[in-house]
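Colleague: I am new to this structure and would like a close look at one part of it, the aromatic rings and what they meet.

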Amino acid sequence: MFRKSVKKAASILISAVMAMGSLSLGGLTAAAEENASGEPLVTELSATDSGVDRLTTNYTTVSKNYTAKDYTGETVVISIEDNIDDAGLLTGDNHMYEAGNMVASVSAGDTFRVRINAPETAKYLIGFDYLSYDASILPVEIGMKIDGEYPFYEARSMSFETTWLSKAIDTDRYGNEIVSLPDKDIRWEHKEAMDASYRYSEPLAVELTAGEHELELTMQEGTVLVGNISLSAPTSVPEYTGSSRAEGNSIITIEAEDFYERNDSSIHATGEYSSRINPLDATVTVLNLIDEESFNEAGQRVTYRFSVDNAGYYYIGMNYRQSEKNDFPVFVDWRVDGEIPNTAFKSYAVEANNNFKTRTLKDAEGNNLSVYLEPGEHTISLTISAENLRYALEAVDEIMSGISDLSLEVTKVAGTNTDKYRDLRLTRYIPDIQERLQGWVDQLYDITEQAQGYVDAKKPDQVAAFSYLLIAARQLEDLAKEPNELVYRVGELSTSTNSINTQIANFVDLINDNDLAIDRIYIYQEGAKLPKGQGFFKSIGTSIARFFNSFFGQSYSASNTDETHIQVWVNRPRTYVEIMQKMIDEEFTPETGISVDLCLMTDAQKLILSNASGDTPDIATGINYSIPYDLAIRGALVDMTKFDNYREVFGRYSDGLLVPSVVGDGLYSLPETMNFYVMFYRTDILSKLGLQAPQTMDELIAMLPDLQMRGLNVYYPTAPMAAMRNFHGTTPLIFQNGGALYGETALDITVDSEETVKGFTELTELFTLYDLPVDVPNFYQHFRNGDLPIGIADFNSYNLILNAAPEIANSWAITLVPGVEDPETGEIYRYMAGGAESSIMFNSTPEREQQAWDFLEWWSRAETQAEFGQRLQILYGDEYIWPTANVEAFGMLPYPTSDKETIMEQAQYILEAPRLPGSYMMERELSNAYNDVVVNGDSIRSRIDEVVKTVTRETERKLEEFGYIDSDGNIIKPYIAPSVETVRKIMEK
């Protein structure tokens, strides 16, 4: 589900610029005018302002300048033990490498150098022996320099995957087959330097002169042993010379869900019901194909084992579905016993099918492709390839970069004033603007024309997968007709929702999406008959049985539980629930003897209705952190401080995250996840401008002129909140300035205090005085584009940028949120909100409450949370990040090492606003005040006074409802406003 949401977000929100590498930002000014002689005052952008340009330093460009021939000699093996510069990294614990040989033990952040000797001036493949032995699912990432320089852009970050072995298909307690956890194969592997994006499906050659060189390796991710390094001759796949008939009657059927190994743990099976696939069952779910959403990225590989009884030639066929690319093929490298048989099997075009169909691999003339197999064990592998599309991807990289350059040049000339009555002859300042626009039009049409052969199209507009490029080309043609109008239409280039670069980026997202669902693979001879799906009558019978079965025994349903078990309602997708239930049945129940039934809860509001009807579960988890208060104040929830070990359990979380859990002197909810905020910044753009990531809000404000004069800006988290700006947007600057919403009690409204007003003023002035964008539907879009190269954003933005913005993978970073510095101590207060989902416990019998508490204690343990997060990512992919609120557990999760420490440190500054009677009105009125000041220009002081009056009135009404004051306004008992100090007192009581 989450993978689908990321894909959907990426396709809708992908913004303009794919490559900022060629932008020259240093010389831009706010505007340019003509001097007395009529000459423009604009100077050429300085080339020295550019950072590393991946368009001119990528392998395609660099390798064109190679002059040496391919190395053809024997492989040169460089002993790591004899040639490493830091002997302290060597270890004898070599995991059965080569007898007696020491290896290097390195982890993220380590850099070491190795002497290598090239026997002659030639092009070499550089290979590495490595063993990844930690529990992380992330691939090892290494940066490689030769003689102090990166040989090409791709060498800045190279991935070295590990192999994952499949286990027998597992079942849940209802008899449904579920994805089993694969095992990481801790073994020595060998891989040559390759492009991490797999636009090249073969290793990248390096040109070396004869003699000694220094190889510098920087570990960016992972903990790994590094063995010997090799220099070897580039290899090539044998040319296809024709196919032989596969005479005989043998057939070998491979169930695609039963793969032997894969190079990505998240490639997994799934279950679908269709008469075209096998196996099928009308009563339970069976895993019967590769999940197309998990097998969709270039470089992913699955391998199968099979046995051959009779020697001879065999054809290869498969029953598959490939419907994502609008009639355009997915390309696959087929390997038999680890080798591509010939060029016909390399980047083989798998035709689009909307439904499952069985097809045999064929050559360009329509002849069946065959391979010769001896009796015995064999393997067959499928690797998704992007090599045939490299020409298009690299070309649009260059076009998008050029469009972004032009957008900034126009801004340089005209400034940010796009007054339509302003008369500015843009062609005077940018004489070649029309030529550039038309040149991009021609390039886009040429890219599309080259793709026609893959779909037998006669016209470019018949290549549906490339339609976005045609839309972009027509937009460019329209702009080229009136280039001077670009002053007023500059947003159409790269920054608007439907800009040209957005259209091109949509193409890149679509063309990189290689969803391939496979049911079966057949290794067969021409005398064999390929199986078909169920016949018509059998299909009808199975469908009827399945229909009737749907009325009974639904798994993970409240109607299919044992009342003697602890009932837990989970407000999460089924994939999460399956993992939770499996862990409970394998770990919690054997440990405690307590049985637990999980139930899917599609809407957390169901809890309010169930409470009213008296049909509540023992526990609900995955619910929004603001909901527990409404249930607790009405007496529906258990005060968890009644349990002896509550201090240990609640001590696993930040004090500021527990503030919404407080009602009176009790704690009524347990944090489960956090929505952390961090500062994102584009390292490539800031480095060109000579700017550093700010540490304080004053530093952030000071850098705004440098950004805004170039048409760039900063993102603040109120920007995507449309009409309702919640506490996550309105309170951080208040808290950073020492302000508060409440004093000691609920009626002590302190919104009008000096510190709170100062914080609210700083918040609104970001938009009224410093011109930050007020409404930004999605930061991810603009961050990729580069027009918002710095911003404070949350976990969802982090997940999208990390997993759905590969083109800026090495061009951004995160750091702590800039805060307000205490002038006396120098401490920087970086408070941000962070509440996400929580767990609650409903009132029941003492025995059931104790059992429910035992479950929550187990579920909130660092080890349990870490295991759940690891299982989630191992099974379903990197984008299934689990943002556990348990900071200790967070440190065990497979986040990128460079980010994890920053997030954990920022988590210490989480400070949530309290929840108490009438606090919903406080949240609403702060939002209204923000909108009135920022949008309507109202006075801050007058609006704050109105907030105090409105909130006070509503708070009094709610306090009377809950018995804290009487109808005359007399206080019966004070309602203490929760705060961090309240949490600490509760923890000490």
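Which ring does the charged end of arginine 305 sit over?

Modeller: In this predicted model, the charged end of arginine 305 sits over the ring of tyrosine 260, at 3.9 Å from the centre of that ring. A further arginine, arginine 390, lies over the face of tyrosine 200, with 3.8 Å to the ring centre.

Turning from charges to rings that meet other rings, the structure holds 46 aromatic pairs. One of them joins phenylalanine 466 and phenylalanine 507, whose centres are 4.9 Å apart and whose planes make an angle of 50°, a tilted arrangement. Because phenylalanine 466 belongs to the loop between helix H7 (433–451) and helix H8 (467–481), while phenylalanine 507 belongs to helix H10 (residues 500–511), this pair ties together parts that are 41 residues apart in sequence. Both phenylalanine 466 and phenylalanine 507 are buried.

Phenylalanine 676 and tyrosine 798 also pair, and since their planes stand at 70°, with 5.8 Å between the ring centres, the pair is edge-to-face. Phenylalanine 676 is found in the loop between strand E33 (670–671) and strand E34 (677–682) and tyrosine 798 in helix H23 (residues 795–804), so here the parts tied together are 122 residues apart in sequence. Phenylalanine 676 is buried, with a relative accessible area of 2%, and tyrosine 798 is buried as well, its relative accessible area being 0%. Phenylalanine 676 and tyrosine 798 also belong to a cluster linked by ring pairs, whose members include Phe680, Tyr715, Phe779 and Trp812.

Key:
Residues numbered from 1 in each chain as written. Predicted model: local features only at pLDDT ≥ 70, side-chain atom pairs only at ≥ 80, totals over all residues. Heavy atoms only, no water. Phe/Tyr/Trp six-rings, centres within 6.5 Å; stacked < 30°, edge-to-face > 60°. Helix = DSSP H or I, 4+ residues; strand = E, 2+ residues; numbered from the N terminus. Buried < 20%, exposed > 50% of the residue type's maximum accessible area, 1.4 Å probe, protein only. Lys NZ or Arg CZ within 6 Å of the ring centre and 35° of its normal.
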